[in-house]
Amino acid sequence: DLILDLFSGSGTTCYVAKMLHRNYIGIDNSERYIQIAKNRLLSIDDIFIDDNYVPRSERIKKNNTETH
């Protein structure tokens, strides 16, 4: 399943798709809302990347080291 949201806004559709373990693409023309949606998606505690669990604390560490 692939969920496509062409006017993603704050990312609610993508958030729900992620919670339901669906593939998703969110598109928006506002940099502000893109960042809001990204932060919202990163806030989900149970994230699996390539079938491996990645705890939220590890994602935060990784994001902090990439931005500095």
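Strands here are DSSP runs of E with at least two residues, and helices are runs of H or I with at least four; both are numbered from the N terminus. The model shown in these views is predicted.

**Figure 1. The chain holds three helices and four strands.** Along the sequence, the elements follow the pattern β-α-β-α-β-β-α. The chain has 68 residues, and buried residues make up 16% of them. Take the contacts in the chain between residues at least 6 apart in sequence. Of these, 24% join residues at least 24 apart.

**Figure 2. D5 sits in strand β1.** The strand covers residues 2–5. D5 is buried, yet D5 has no salt bridge. The nearest side chain of opposite charge belongs to R40, and the separation is 8.9 Å. A salt bridge would need a side-chain nitrogen of Lys or Arg within 4 Å of a carboxyl oxygen of Asp or Glu, so R40 at 8.9 Å does not form one with D5.

**Figure 3. The side chain of D5 meets the backbone of F7.** A polar atom of the D5 side chain lies 3.2 Å from the backbone nitrogen of F7. Leaving out residues up to four places away in sequence, D5 touches T13, I25, G26 and I27. Of these residues, I25 and G26 fall within strand β2 (23–26), while T13 falls within helix α1 (12–19).

**Figure 4. R40 lies over the face of Y15.** The distance to the centre of the Y15 ring is 5.0 Å. R40 is also the nearest side chain of opposite charge to D5, 8.9 Å away.

**Figure 5. R32 sits over the ring of Y33.** The charged end of R32 is 5.3 Å from the ring centre of Y33. How many aromatic pairs does the count give? The count is zero. A pair would need ring centres of Phe, Tyr or Trp within 6.5 Å.

**Figure 6. H21 has a positive phi in the loop between α1 and β2.** Helix α1 spans 12–19, and strand β2 spans 23–26. Phi of H21 is near 60°, and H21 is a residue other than glycine. Most residues other than glycine have a negative phi. Is H21 buried or exposed? H21 counts as exposed because its relative accessible area is 62% and the cut-off is over 50%. The C-alpha atom of H21 is 9.2 Å from the C-alpha atom of D1, a residue 20 residues apart from H21 along the chain.

Terms used: Residues are numbered from 1 along each chain as its sequence is written. This is a predicted model: local features need pLDDT of at least 70, side-chain atom pairs count only at pLDDT 80 or more; totals for chains, interfaces and linings use all residues. Side-chain values use heavy atoms; hydrogens and water are left out. Rings of Phe, Tyr and Trp (its six-membered ring) pair if their centres lie within 6.5 Å; planes under 30 degrees apart count as stacked, over 60 as edge-to-face and the rest as tilted. A charge sits over a ring if NZ of Lys or CZ of Arg is within 6 Å of the ring centre and within 35 degrees of the ring normal. Buried means under 20% relative accessible area, exposed over 50%, partly exposed in between (1.4 Å probe, protein chains only). Lys and Arg count as positive and Asp and Glu as negative; His and the chain ends are not counted. A polar contact is a pair of N or O atoms within 3.5 Å; within protein, one must be able to donate a hydrogen and the other to accept it, and residues adjacent in sequence count only if both atoms are side-chain atoms. Contact means heavy atoms within 4.5 Å.
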